[in-house]
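Visitor: I would like to learn how to read the spaces inside a protein model. Could you take me through them slowly?

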Amino acid sequence: MHTFLPIAYFENEFVPFENAKLSIATHALHYGTAAFGGMRGIPNPENPKQILLFRLNRHCQRLSQSAKFLNYELSPEKLQQIIIDFVQKNKPTQSFYIRPLVYSSGLGIAPRLHNIEKNFFVYGLEMGDYLSPDGISCRISSWTRQEDRSFPLRGKISAAYITSALAKTEAVESGFDEAILMNSQGKVCEATGMNIFIVRNSKLITPGFEQDILEGITRDSILTLARNLDIPTIERPIDKSELFIADEVFLCGTAAKIAPVKQIETFKLSSHRPITEKLRDKLFAITENKDPQYADWVYVVDLP
Ligand code: PMP
């Protein structure tokens with residue numbers, strides 16, 4: 001069971017988490033007409049009166065774009081201020097995860113985005129490592145990632161996560177930790193809530209945006225870090241067979257951070273992962289605000 005932060009933002013005010021309740025007739029619950037965000041924060045290891053939020057403005061911008069797909073206007077600036085207030089009210093003492101959700105809150109029947117009330121809420125929970133940092137095993141999913149022509153894949157639309165849920169359960173129930181999904185072209189796409197990178201001949205390779213991936217913020221951070229570390233990066237389609245012979249494979253996302261892959265289907269991967277480890281150490285130092293070069297990726301919230 002999760003440990004939730006005590007205060008939630010719900011129906012335009014801050015309330016105790018337990019009091020934030022929805023009707024069973026809530027439209028989004030029936031049609032998946034919602035979109036969520038997910039960002040991480042930690043107490044500043046150097047100063048307990050400060051909370052560090054990783055790439056707050058980028059996360060707010062993406063949720064604002066997701067809201068647009070739902071026919072709802074939510075400015076990144078408004079969202080950012082609510083999240084800062086949320087953190088100040090909760091005063092987290094452990095590493096945590098913030099979950100904002102935009103949704104059709106009206107009590108209406110029939111799927112649509114017009115003529116139905118929308119709202120958003122924010123809550124949080126304590127969160128340590130999401131997947132084993134020592135290496136995970138992956139199955140190639142029998143489920144295919146949706147196509148952008150049938151789903152706005154640049155938003156984190158709740159309804160799309162049925163595919164992730166099917167793929168994750170299929171993987172876990174067949175003895176693996178995580179699933180890797182192919183796209184409709186049969187190329188490597190991403191995991192159930194993470195983007196994917198492979199390393200071949202010291203080059204870092206990841207599928208491009210045209211491969212139906214989510215525009216991951218961790219993915220973006222890793223590409224920037226790698227370029228600044230003079231690691232060659234390539235965004236291109238990846239074939240399934242390349243996964244099995246890659247020198248390194250890792251998954252990345254806000255919750256999972258950087259999760260090295262030790263096995264895919266029956267193929268074992270090397271435990272020598274110099275590039276994965278270099279990027280992981282660097283990203284870790286940045287989230288703790290220990291790297292002045294990337295100080296603008298860390299939003300510092302002063303606690304009252
Ligand atoms: N793909 C999917 C489907 C996701 O849900 C996530 C998590 N948001 C990611 C990739 C990784 O994105 P980010 O690095 O922005 O968390």
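Guide: Let us begin with the walls of a pocket, keeping in mind that this is a predicted model. Sorted by class, the residues that line the largest pocket comprise 18 nonpolar, 14 polar and 7 charged ones.

Visitor: Which residues lie nearest the centre of the largest pocket, and how many line it?

Guide: The lining is made up of 39 residues, and those nearest the centre are Phe36, Arg99, Lys156, Tyr161 and Gly193. The space that the largest pocket holds comes to about 840 Å³.

Visitor: Which element gives the most to that lining?

Guide: Helix H4 does, with 5 residues. Among the elements that give two or more residues to the lining of the largest pocket are helix H2 (56-69), strand E6 (96-104), strand E7 (118-126) and strand E10 (188-191), together with H5 and E14.

Visitor: What takes up the space of the largest pocket?

Guide: The ligand does, for the space it takes is the largest pocket. Two elements, helix H5 (217-228) and strand E14 (248-253), give two or more residues each to the shell around the ligand.

Visitor: How many residues surround the ligand, and which are the closest?

Guide: A residue counts as near when one of its heavy atoms lies within 4 Å. Here 15 residues surround the ligand, and the closest are Lys156, Tyr161, Ile217, Thr218 and Thr254. By class, this shell around the ligand divides into 5 nonpolar, 7 polar and 3 charged residues.

Visitor: Which polar atoms of the protein does the ligand approach, starting with its oxygen atoms?

Guide: For a polar contact we look for a pair of N or O atoms within 3.5 Å. An oxygen atom of the ligand lies 2.5 Å from an N or O atom in the side chain of Thr218, while a polar backbone atom of Ile217 is 2.7 Å from an oxygen atom of the ligand. On the nitrogen side, a ligand nitrogen atom is 3.3 Å from an N or O atom in the side chain of Glu190. Taken alone, the ligand would expose 390 Å², and the protein buries 95% of that.

Visitor: How many cavities of 30 Å³ or more does a search of the whole structure find?

Guide: The search finds 1 such cavity, and the volume of the largest cavity is about 50 Å³. Its lining includes Arg145, Pro152, Lys156, Tyr161 and Leu214, and by class that lining has 6 nonpolar, 1 polar and 2 charged residues.

Note on methods:
Residues are numbered from 1 along each chain as its sequence is written. This is a predicted model: local features need pLDDT of at least 70, side-chain atom pairs count only at pLDDT 80 or more; totals for chains, interfaces and linings use all residues. Side-chain values use heavy atoms; hydrogens and water are left out. A polar contact is a pair of N or O atoms within 3.5 Å; within protein, one must be able to donate a hydrogen and the other to accept it, and residues adjacent in sequence count only if both atoms are side-chain atoms. Accessible areas come from the Shrake-Rupley method with a 1.4 Å probe; for residues, only the protein chains shown count as cover. On a 1 Å grid over the protein atoms alone, a cavity is a set of points where a 1.4 Å probe fits but cannot get out, and a pocket is an open set with protein on both sides within 12 Å along at least five of seven lines; lining residues have an atom within 4 Å of a point. A molecule sits in a cavity or pocket if more than half of its atoms lie within 2 Å of its grid points. Helices (H or I, at least four residues) and strands (E, at least two) are DSSP runs, numbered from the N terminus. Ala, Val, Leu, Ile, Met, Phe, Trp, Tyr, Cys and Pro count as nonpolar, Asp, Glu, Lys and Arg as charged, and the others, Gly among them, as polar. Grid points are joined across faces, edges and corners, and a volume is the space filled by probe spheres set on the points.
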